[in-house]
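User: Hi! Could you walk me through how the parts of this model touch each other?

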Amino acid sequence: MTKTVTDVICPFCGTLCDDLEVVVSKDGKNLLEVYNACAIGAEKFLHSQAKDRLTRPRMRQEDGSWKEISYDEAIEYTAKILTEAKKPLMYGWSSTNCEAQGVGSEIGEYVGAVMDNTATVCHGTSLIAVQDIGIPSCTLGEIKNRADRILFWGCNPAHAHPRHMSRYSIFPRGFFTGKGHTGRKMIVVDPRVTDTARIADIHLQIEQGRDYELFDAFRVAFKGEQLPDIVAGIPKERIYEAAETLKSGRFAIIFFGMGVTQSLGKNHNIDAAIAVTRDLNDYTKAAIMPMRGHYNVTGSGQVWGWLFGFPFAVDLSRGFARYNPGETTANDLLRRGEVDAVFVLGSDPGAHFPFSSVKKIYGLPSVAVEPHETPTTEVCKVHVPVAFVGVEVGGCAYRMDNVPIETRKVVDAPEGMMTDEEFLTHVLARVKEIKGI
Amino acid sequence: MAIRVNLITGRSIQQGVSMEAGKEKPAYTAACGIIELDPADFKKLGAFRNTNVRVTSKYGSVIVKAVEATQGPHPGVAYIPMGPWANMVINPNTYSTGMPTFKGTPVEVEAAKSEPVLGSLELVRKGCRGELA
C-alpha cells in the first residue's frame, strides 16, 4: 500500500511550485513517485532515495582517502575551525530553509564570519541595482492574473525554471487573462535562439554583452526618438516594434536572468532594466522581477535583510554588519586570500565558482554540509551529509517574488541523519561553549 | 585550426537533471563537459561533431567535447553549461561587484582528439593538486 502526499512544494528553483504530488510507501520511509514536477524537481526528490547516498560525515585523511566520522566529531571540527579562524567565510545558505539560515547567522555573529549566499554569483548585482534605484515589482499571482506583455531578458525559463511559463507567465488563464497564452505577447532578448526564444512572438538576438545599450535603446524607442540603424546587433525597426508591443499592453512584466547579471556592465545593466520599467510605467502598468535560481536564495536575502540590513556579502568580522560588494563578497575574499576557514551549506561553490576560488577553498580548513557528493565536498576537509530540505524536513522558503511558502516533509531521512538546522544548532552550542558565552 | 569564440555559460535542463542525480555520475559529465558550437564555427575548426577539444582562455584551460549548438544558430558564440568545466576558463574578475564574469569570455578552441574529458570530481581534485596538463 502507498499513500499520496498532495500540495508538496518543490525545493529546486525559485518558482517554488506548490502543486506536486508525491507517492510514498505506507511507512513513510520510501519515496516512490513524483507527479507534476519538472524533470529537475522530480530528480531532486528521487535522488534522495539513491542507494549509494552518504549518510554519515566523513573526514579527508592525509593520504587523500575519506574516513567516516561521527556527527559529534564533525560538530567539534566545525566549531573549532570557525572559532579559531580570524575571518571565516560562511557561504551558501540557498538550498536550505530560513530556520537553518537563522541559526547559521547566529553562529556567524559569534565567530565574526563573513556571510555570503549564492546571490553573489547569481542576482547579487541585481540586489546592488535595487539598492541604487529601487524596484517596481509584483507577485507571480499578479502576473498570472494580469500580465499580457511578458519580456524574458537574458533568461531561459524553458531550461532553468521549467514550469514558470506554464504556472505563471505565459500559458495560464488568470482573472484578467482568460485567453491564456493567446492573449499575451512574449518577447525574448537572448544572444542564443533558446528554447524559450523559439516560442516567443518577438526574439531579439542581441550581441552578447550589449544589454545596457539595448535597454537604453528601449527607453529612446518608448519616447519615439531617433535610434541608430543598429543597436546591439538589432535593427532599429525591431526595437521600435518590441517597444510598441510593450507599451500597448495593459500590464507588462520584465523577467531577467544571468544574461544580464553576469555579463559585463553587471549591476549597471540592471539599473538600466529597472529604468526601462520605470519609463514604461508612463504608458502602462509595468513591473520587473529577477528570475531567482535556488529555491530559497530569496529567503536568505530576507533573513539577513531583517537580521543585518543587507541581503548578501555581510561581513560580521568587526562585530557589526558591514556590506561592500567587491570587498566582502565570497569570490573576492577567496581570490585575495582574505579568509582563513570556509564553511559551506546549501550550495556547491566547487562546481559554480571560478576555479581560482575553488583552489583557495582546497587550501583552507573547510566543511561542506551537503546531502550530495559534489565538487565542493571533494575539496573540503570534512563533508557532513544532511537531510534534504523540502523532502525530508520542512521549513520556510521564499519564492522569487518574495512570497514565503512553508515547504513540506514527505518522507523520513535515513535513520540517524541530521537536518541542516539540527547540525547548526549543535555547532552553535559548541561555539558558545568554546567562547565561554 | 584553432578558432576564437565568445564563451557564455548557463543552465541547461540536462545540467539541472544530472546535477540533482549526482555530480559524481557520468551523466553530469555528459551534460556539462561539453561546448556547444555553431555549425559555422565547426567548419572553421575543421573538426567532426563530438570531438574532444581544448578550450583555453587567459584564465585557464579545459578539455570538453564539442557538440553542435542545440539552441542556435549563434555564430561566434560558444556555450558551456554552468559547472566546473566552464569555470576552468571563465573570467573570474568581479570588477568590484562580487560577480565573476561568467558570460563573455574570449576563448580559443582547438581539437584535442586524444585527450579525455575528466569527471567533475577528478577535474576539481586534479586542478587543486596542480595535476592538470
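User: How many residues does the contact take from chain A and from chain B?

Analyst: Happy to help, and please keep in mind that this is a predicted model. Counting residues as touching when their C-beta atoms lie within 7 Å, both chains contribute to the contact. The numbers are 54 residues from chain A and 44 residues from chain B.

User: Which element gives the largest share of the side of chain A that touches chain B?

Analyst: Several helices give two or more residues to that side of chain A, including α1 (39-47), α4 (124-133) and α16 (355-362). By type, the residues there divide into 21 nonpolar, 23 polar and 10 charged. The largest share is 6 residues, and the element that gives it is α16(A).

User: Within chain A, how many residues does the contact between domain 1 and domain 3 take from each?

Analyst: Chain A is divided into domain 1 (2-47), domain 2 (58-121 + 295-435) and domain 3 (124-290). The C-alpha centres of domain 1 and domain 3 of chain A lie 32 Å apart. On the domain 1 side of their contact, the residues divide into 5 nonpolar, 2 polar and no charged. The contact takes 7 residues from domain 1 of chain A and 6 residues from domain 3 of chain A.

User: Which residue in β3(A) is the bridge partner of Val23(A)?

Analyst: Strands β2 (residues 20-25) and β3 (residues 31-35) of chain A run antiparallel, joined by 4 bridges. They form a hairpin with 5 residues between them, and Gly28(A) in the turn has a positive phi of about 75°. In β3(A), the partner of Val23(A) is Glu33(A).

Definitions and conventions:
Residues are numbered from 1 along each chain as its sequence is written. Chains are lettered from A and ligands numbered from 1 in the order in which they are written. This is a predicted model: local features need pLDDT of at least 70, side-chain atom pairs count only at pLDDT 80 or more; totals for chains, interfaces and linings use all residues. Two residues are in contact if their C-beta atoms, placed from the backbone, lie within 7 Å. Ala, Val, Leu, Ile, Met, Phe, Trp, Tyr, Cys and Pro count as nonpolar, Asp, Glu, Lys and Arg as charged, and the others, Gly among them, as polar. Domain bounds come from an automatic or database domain assignment. Two strands pair if DSSP finds at least two bridges between them.
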